[in-house]
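The following exercises introduce one protein structure step by step. Please examine the sequence and the model before reading the solutions.

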Amino acid sequence: MRHRILLLTVVAAAAVLAVVAGCGSPSVLRGSPLAPSSAPATGDFSGQVDVGGGRKIYLSCKGSGSPLVLLESGLHDSSDTWTFTDTRPPVPKSPAVFPGVAEFTRVCIYDRPGTVRYADPLALTTRSTPVNGTRSLSAMADDLDELLTSARLPRPYVLVGHSFGGMITRLYAQRHPEKTAGLVFVDAFGTDIRALFGARWAAYRTLLDRPGTPFDAQPAFERVDIDGSIDSVTAAHPLPAVPMAVLSKTEPFAAPPGSPKDLLDTLERVWPRVQQKLVELGSQTPQFLATGSDHYVQVHDPDLTISAVRLVVGRVHAEP
C-alpha cells in the first residue's frame with residue numbers, strides 16, 4: 001500500500017500542472033471476455049463494456065441501491081485513485097471511497113483510455129481500448145454516456161468528479177439533465193481558471209500538454225483540448241437544479257523539482273476562487289475544506305469525501 005501511495009505522489013507531482021485538471025486496485029484484464037450486455041444491479045462486478053466502434057471500457061461496480069454514484073477520476077488518473085487511501089490520524093485508513101460509498105448505494109468506477117494505473121511499475125491502463133491523440137471534452141462526456149447506456153446502469157446518477165473529472169461530469173450533466181440526480185466536485189477544475197490566470201495562461205496550458213510523466217511521449221497517453229473543454233462547458237446549457245457539494249484542498253499542490261514558481265504561485269492564488277465559483281453553481285451548495293489535504297482529497301480524506309457523497313445522495317432521496 002505504501003509503495004502505491006509513493007507512486008501516486010510521483011505522478012501527482014509530475015502532473016501537478018494537469019490539475020485543470022478495504023483497499024486494493026483491480027487486476028488488469030488482458031484478454032478477458034466482454035461484460036454482459038448489462039451490469040448486474042447488485043454485488044461486485046468488473047469487466048470490459050463494449051461501447052461501440054470496436055472499443056471497450058473497463059467498468060467496476062459495488063453495492064446496491066439508488067441513485068447510482070459514478071466516480072470520475074482526474075486528468076491522467078485511472079479509477080485506481082478511488083480504491084486506496086493515504087491518511088493520518090484522526091482520519092481512518094479505510095474504507096477507501098469506492099467501497100465506502102458501496103456501503104449505502106450502488107457505485108461504479110471506470111478507466112478512461114490512456115490513464116495511469118498505480119501498479120508497480122506504473123503503466124497506462126490496458127483495461128480500456130487506447131485512443132491516440134488529443135481528445136475533446138465532448139468525446140469524453142460521450143464516452144461516459146455510452147458506457148452508462150451500454151452497461152444499462154439505471155439512471156439518474158450522482159456524478160462525483162475529481163480535478164479535471166469535474167469538467168467531464170459537469171458537461172455530462174449539462175447535456176443530460178434528465179440523467180443527473182446530483183453532483184459532487186472534489187477539488188475540481190473550473191472554467192474560470194483561464195481568465196484568472198490571465199497572461200500566464202498560455203505558459204500554463206503548454207505545461208498541461210506535457211506534465212512530465214513517464215508516458216508524456218506515448219501516443220495513447222491521455223491528452224485533452226483544455227481550451228476547447230472550457231469553451232464547451234461555457235457554451236452548454238446551465239446545470240440542472242440538483243443537489244451539489246464541493247470539497248476543496250487546503251494544502252499546496254504537489255510539484256516536481258524545477259516547476260516554474262511563478263506558475264505554481266499563480267495556481268495557488270487562483271484555486272480558492274475557482275472553488276468558490278463551483279459553489280456558486282448551485283443553490284445552498286455546501287463547501288467542505290479538506291484541512292491538511294492536498295489535491296487528492298479522496299485519497300487523504302476518504303471519510304470526508306464519502307460523507308459529502310452521502311449528503312448529496314440523502315438530499316436526492318429527500319426531494320419531493
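**Exercise 1. Locate threonine 126 and determine its exposure.**

Solution. Threonine 126 belongs to the loop that lies between strand 6 (123–124) and strand 7 (134–135); strands are DSSP runs of E with at least two residues, and helices are runs of H or I with at least four, both numbered from the N terminus. The model is a predicted one, in which local features need pLDDT of at least 70 and side-chain atom pairs count only at pLDDT 80 or more, while totals for chains, interfaces and linings use all residues. Residues are numbered from 1 along each chain as its sequence is written, and side-chain values use heavy atoms, with hydrogens and water left out.

Next, consider exposure: buried means under 20% relative accessible area, exposed over 50%, and partly exposed in between (1.4 Å probe, protein chains only). Threonine 126 has 39% relative accessibility and therefore counts as partly exposed. Finally, the C-alpha atoms of threonine 126 and glycine 114 are 8.3 Å apart, with the two residues 12 apart in sequence.

**Exercise 2. Classify the ring pairs that involve phenylalanine 197.**

Solution. A pair of aromatic rings is described by the distance of the centres and the angle of the planes. Rings of Phe, Tyr and Trp (its six-membered ring) pair if their centres lie within 6.5 Å; planes under 30 degrees apart count as stacked, over 60 as edge-to-face and the rest as tilted. The whole structure holds seven aromatic pairs. For phenylalanine 197 and tryptophan 201, the centres are 6.0 Å apart and the planes stand at 65°, so this pair is edge-to-face. Phenylalanine 197 and tyrosine 204 form a stacked pair, at 4.3 Å centre to centre and 10° between the planes. Ring pairs thus link Phe197, Trp201 and Tyr204 into a cluster.

As for burial, both phenylalanine 197 and tryptophan 201 are buried. Tyrosine 204 is buried because its relative accessible area is 0%.

**Exercise 3. Find which rings have the charged ends of arginine 127 and lysine 249 over them.**

Solution. The criterion is that NZ of Lys or CZ of Arg is within 6 Å of the ring centre and within 35 degrees of the ring normal. The charged end of arginine 127 sits over the ring of tyrosine 58, 3.8 Å from the ring centre. For lysine 249, the ring is that of phenylalanine 253, with its centre 4.3 Å from the charged end.
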